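Got a new structure open and some labels that need explaining? Let's go through a few of them and see what each one rests on.

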Amino acid sequence: MPKLFVLLLFCTVFVESTLAQIDKKATKEAKRLYQSLAKISKKNILFGHQHATEYGHGWAGDQNRSDVKSVTGSHPAVIGVDFSGLSGRSKEQIAKTAEALRKNVVDTYNRGGIITVAWHFSNPASEGGFYWKDSVSLASMALIKPGGSHHEKYKEILKTVADFAHSVKGQDGTLAPMIFRPYHEFDGDWFWWGKSYCSREDFISVWQFTITYLRDSLDVHNFIYAFSPDCKFTTEQEFLERYPGDEWVDMLGMDNYADFGRNGKYNLALGIKKLKIVSDYAKKANRLAALTETGLESIPNPTWWTETLLKALKSEKMNLAYVLVWRNDVKSPTHFYAPFPTQTSVPDFLKFYDDPYTLFEKDLKHIYRKKRFLFF
C-alpha cells in the first residue's frame, strides 16, 4: 500500500475519532454532523433561529420562508424546533403536531441545514404546562425517575419521542440527525424541572435514564445530546453542579439573555466569561460547545449583532459550534429576536451575515457526507 495513501487514511481516521459521541451506534449522518460541527467550531460559528421556518413576524406556514432568509437570502444554518407538542395532548393532536414537525425537520435536512430540538415538556404529573405554577405544579422529576410513581408514563412519552425520531427520513432514505436539548435552563426556577423543584440526584437520574432509554431500549441513534443550563454560574464548578458526566453528554451549552442586553442591561464581560467556561470545559472533555440560546427582544439596539453578539463570539478564542436566537412571534409586534425586512437592525445584521466568521445555510457544504481525504 503506498505510503501517501496510508498517511491520508490515518489522518482521516484520526480526525474523525477525536470527538467520541456517547451513542456508539449513532447513524453515519449523526456521526458526520458531529465531526462537521467540531471542524466548523475551530474557525467559524453557525447562526441559528428558533422556529425560523415555521412562522415569523406577521406570517405562519409559508413554504420555504424565514425572516432571516427574507433579509439575507439564506435560511439560518441551524433551525430550532420543539417537542412540546408530543405529549400532554390527545393522540389526534399529537399526530397532527408530529406531521407538521416532521415536514419541517425533513425539509431542513434535505436542504442541508441542521436541526436543534428544545423540549418545553408539559408537566406529566400535574396541570400547569411546562412553567412552574405555585399551588398547581408538582415537583415531577422525583416522580418520573426510575421507581417514581409516573415513571411508566414517562416511558410512554419517550416512546412517542422515539417514534418521531424514527420517522424523519430524508429524500435519500436516511434519518435526519437532531441536536436534542432536554431540560434546558434547569438552574432557573421557571420550569417544573428547575433547580428549586428537584434535587441534583433526581435531575441526574432522569437525565441518565432519558438517554439510556432512548438510545439503548428504543434504538434512537440520530440524536446528539446537549446539556444547557441558563447563565446562573460564574465558575466551572457551578456550571457542572448538575452535570451528569461526560459519558452522558455530546454538547455543552448555555442559554444567556441576561448578559446580552435583556431589560437594557449589558454585562458583556460577564457573558464572555461564562461562554469561555463552557468552551473551555468542552475542549477539556472532548465535547462540542454552543451558545444554545440568546438574543435581544425587539432588537432596539441597531448595532447589537456586530457590537455585542459578534464581539462576544469572536473573543477569547472560543470554539462554539453555533449560536441560536429565540423566535419571532406571529402576532406580537415586539416579541422577536431576528430581524425582518424594515426592522431597524437589518443593516447591522447584514454585516453580521457577511462576516467570514458566521455561517448560514447557504454556506453549508457536505456536512452529512464523509470526505474521502483530509489534507493538512
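Q: Where does K351 sit, and what makes it buried or exposed?
A: In this predicted model, K351 is part of helix α11, residues 346-354. Its relative accessibility is 57%, and the cut-off for exposed is over 50%, so K351 counts as exposed. As for R181, 170 residues away along the chain, its C-alpha lies 30 Å from that of K351.

Q: Why are α6 and α7 called oblique to each other?
A: Helix α6 (residues 151-165) packs against α7 at about 50°, and their axes are 10 Å apart. Roughly parallel needs an angle under 35 degrees, and roughly perpendicular takes 65 to 115. The angle of about 50° fits neither, so the pair is oblique. The crossing is right-handed. On the α6 side, the contact is made by H151, Y154, K155, L158, V161 and A162; α7 brings V206, F209, T210, Y213 and L214.

Q: Which residues touch the most other members of the largest nonpolar core?
A: Those are F83 and Y183, in a core of 120 residues. Helix α7 (residues 200-217) gives this core its largest share, eight residues. Leaving out residues up to four places away in sequence, Y183 touches W119, F121, M141, I144, Y154, W192, W193, F203, V206 and T210.

Q: How do you know what span to expect for helix α2?
A: Count 1.5 Å a residue: for the 13 residues of α2 (28-40), 18 Å is expected. From first C-alpha to last, α2 reaches 18 Å, close to that value. Buried residues in α2 include L33, Y34, L37 and I40.

Technical notes: Residues numbered from 1 in each chain as written. Predicted model: local features only at pLDDT ≥ 70, side-chain atom pairs only at ≥ 80, totals over all residues. Heavy atoms only, no water. Helix = DSSP H or I, 4+ residues; strand = E, 2+ residues; numbered from the N terminus. Expected span 1.5 Å × (residues − 1). Buried < 20%, exposed > 50% of the residue type's maximum accessible area, 1.4 Å probe, protein only. Core = buried A, V, L, I, M, F, W, Y, C linked by side-chain atoms within 4.5 Å. Contact = heavy atoms within 4.5 Å. Axes fitted to C-alpha atoms, helices over the stretch in contact; angles between N-to-C directions. Parallel < 35°, antiparallel > 145°, perpendicular 65-115°, else oblique. Left-handed = near helix turned anticlockwise from the far one by under 90°.
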